[in-house]
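Reader: I am new to reading structures, and I would like to know how each label attached to one is justified. Could we go through some of them together?

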Protein chains: 2
Amino acid sequence: MHRTMHPFDSAIALAPGASTGRFSGSTTPAYANMVGPFGGTTAATLLNAALQHPQRIGEPIALTVNFASALAEGGFEIEARPMRTNRSTQHWTIELVQAGEVAATATAVFALRRETWSMPEASAPAAPPEPERVPRPSLVGRPAWVSRYDMRFVEGDLPARFDGELQRDSRSTLWVRDEPPRPLDFASLAALADCFFPRVFLRRRKVVPIGTVSLTTYFHADAAMLAEQGENHVLGSVRAVNFRNGYFDHSGEVWSSRRELLASTHQVVYYRE
Amino acid sequence: MHRTMHPFDSAIALAPGASTGRFSGSTTPAYANMVGPFGGTTAATLLNAALQHPQRIGEPIALTVNFASALAEGGFEIEARPMRTNRSTQHWTIELVQAGEVAATATAVFALRRETWSMPEASAPAAPPEPERVPRPSLVGRPAWVSRYDMRFVEGDLPARFDGELQRDSRSTLWVRDEPPRPLDFASLAALADCFFPRVFLRRRKVVPIGTVSLTTYFHADAAMLAEQGENHVLGSVRAVNFRNGYFDHSGEVWSSRRELLASTHQVVYYRE
């Protein structure tokens, strides 16, 4: 018998290319955004190239993805290169090329972790314990990728009306998981870290052209924490830092159902007007 | 007449190499850290390679530096490559090689900014308005680079005694500028973003081996804001996010004397024990 592949696995699938570290992939309509694919799947696909690489050691600690242009729907090539391999850390440079032009670059740090003193400092936002009891917003008019997530907003969904009324802040808190459910792994966590709607839409209650230019995610989860999380909703939390002359940044966290930090994430986003 | 070069300018100085985008530089004892040079000068030197590149457009928006190994004192080579140049943005990959091995990699996004709607969301921490009235801590036993900054801690200096007593948080707020004073520019702002002492030393009141593995800075300042700031102290603010199995991350901000956000900055740091 043959189980259908989860749409996320199809979206980040890579075929080995002509030499070690080269892969080819393709965008999928299931994760389409306003222009091109959802950046989260692009980030996950770049990370996946390092994860699939035969010389990879350890697990992801840091991932930075730079979106050099909007991807077109269709095929692309990725090259992942281990730039330096130490005893317990490995540094990667990754490039995505489409139609002969660099469309995204990334760097990643992987490491073999050891058990040490551990302690949180940030704390998870207040949220009702049962995600299923928080209503799911309408998906009407939202791009395809939004339907690939089950999002339950505790606060800070997109406004019902974009009436241009300036808001005091742009905080959001939401329970979110893949739709249909899928066990959490590093690739899906990398994508989830980009699931927050553009803060400028919330703060200004206005839709303006936007595009993430750079996204950085730090992974606190290891494979055991991911396995424990499984298919449960994670708790996302995000707020803008500053909006200035065409670029704003936000910082967010992704918490496990047990309120352990799985990842922290930051991005800078272009906006017009 | 010949004015002496500021030690920061000596530290980040690059000589053009054999081809466009190649440069050579050298560490300087003035910015020595416990092992190798201060990471802030390494970050600034990598950014400087893009700033000096003849094909560069615009000003820095985002910089990510991955420290692949501790630099040795001495010379190194840098190559900065514009991977994609759009109408108003440019994406860079930068590598630092020492003794034939990659010691650091970086990516940067530059952009030509336009005036748009702008608004802060995070706010500056409380601090006395006159930095000179805040006492300067002793520099005894601290590495050389610390003396290259005039730091005035409003809260969260290193403890007087490392007695191992666990603290509730690791927040720091400080007025800081180059020592001797130097007009702020993008390179010195990139270095300043790394001037926060390791959060694990504060939280645990314990010194353990540490090393930044990845540093990301988002620039909100443009050249006009930097010129207005001049040689004045900036206000730094930082806190840890999470410590887990060998890696912790922190997030911070660098504010102007007028309390405008110059940069936000994030890093993930290796620690032992």
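Reader: Where does A:Pro180 lie in chain A, and what makes the peptide bond before it, from A:Glu179, worth pointing out?

Author: In this predicted model, A:Pro180 sits in the loop between strand 9 (172-178) and helix 3 (186-192) of chain A. The peptide bond that leads from A:Glu179 to A:Pro180 is cis, with omega near -5°. Most peptide bonds are trans, which is why a cis one is pointed out. In chain B, the bond from B:Glu179 to B:Pro180 is likewise cis, with omega near -5°, and B:Pro180 is found in the loop between strand 9 (172-178) and helix 3 (186-192) of that chain.

Reader: What makes the phi of A:Asn245 notable, and is the residue buried, partly exposed or exposed?

Author: A:Asn245 is not a glycine, yet has a positive phi of about 40°; this residue lies in the loop between strand 11 and strand 12 (247-255) of chain A. As for its surroundings, 16 other C-beta atoms lie within 10 Å, and since buried requires 20 or more while exposed requires 12 or fewer, A:Asn245 is called partly exposed.

Reader: How do you know which label A:Arg259 should carry?

Author: The count for A:Arg259 is 13 other C-beta atoms within 10 Å, and because the exposed class ends at 12, A:Arg259 is partly exposed. This residue, in the loop between strand 12 and strand 13 (261-271) of chain A, also has a positive phi, of about 70°, although it is not a glycine.

Reader: Why is A:Ser256 called buried, and what does it touch?

Author: A:Ser256 has 22 C-beta neighbours inside 10 Å, and as the cut-off for buried is 20 or more, the label follows. A:Ser256 too lies in the loop between strand 12 and strand 13 of chain A, and, leaving aside neighbours within four places in sequence, it is in contact with A:Met225, A:Gln229, A:Val234 and A:Leu262.

Reader: How do you know that helix 2 of chain B is largely enclosed, and how does its span compare with the expected one?

Author: Of the 14 residues of helix 2 of chain B, 13 are buried, so the rest of the structure largely encloses this helix. At 1.5 Å a residue, helix 2 (residues 39-52) should span 20 Å, and its end C-alpha atoms are 20 Å apart, so the two values agree.

Reader: Which residues have the most contacts inside the largest nonpolar core?

Author: They are A:Leu47, A:Leu189, B:Leu47 and B:Leu189, in a core of 146 residues. Among the residues that A:Leu47 touches, not counting those up to four places away in sequence, are A:Pro60, A:Leu63 and A:Phe186.

Reader: What makes the two chains related as by a two-fold rotation axis?

Author: Chain A is superposed on chain B by a rotation of 180° with 0.0 Å of shift along its axis, at an RMSD of 0.0 Å. The two copies are therefore related as by a two-fold rotation axis.

Reader: How do you know that the copies meet through the same surface?

Author: The interface residues of chain A are, to 100%, also interface residues in chain B, so the copies meet through the same surface. The contact takes 54 residues from chain A and 54 residues from chain B, and strand 11 (residues 234-244) gives the most to the side of chain A that touches chain B, with six residues.

Terms used:
Residues are numbered from 1 along each chain as its sequence is written. Chains are lettered from A and ligands numbered from 1 in the order in which they are written. This is a predicted model: local features need pLDDT of at least 70, side-chain atom pairs count only at pLDDT 80 or more; totals for chains, interfaces and linings use all residues. Copies are superposed by least squares on the C-alpha atoms of residues with pLDDT of at least 70 in both. Two residues are in contact if their C-beta atoms, placed from the backbone, lie within 7 Å. Helices (H or I, at least four residues) and strands (E, at least two) are DSSP runs, numbered from the N terminus. The expected span of a helix is 1.5 Å times one less than its number of residues. A nonpolar core is a set of buried Ala, Val, Leu, Ile, Met, Phe, Trp, Tyr and Cys residues joined through C-beta atoms within 7 Å.
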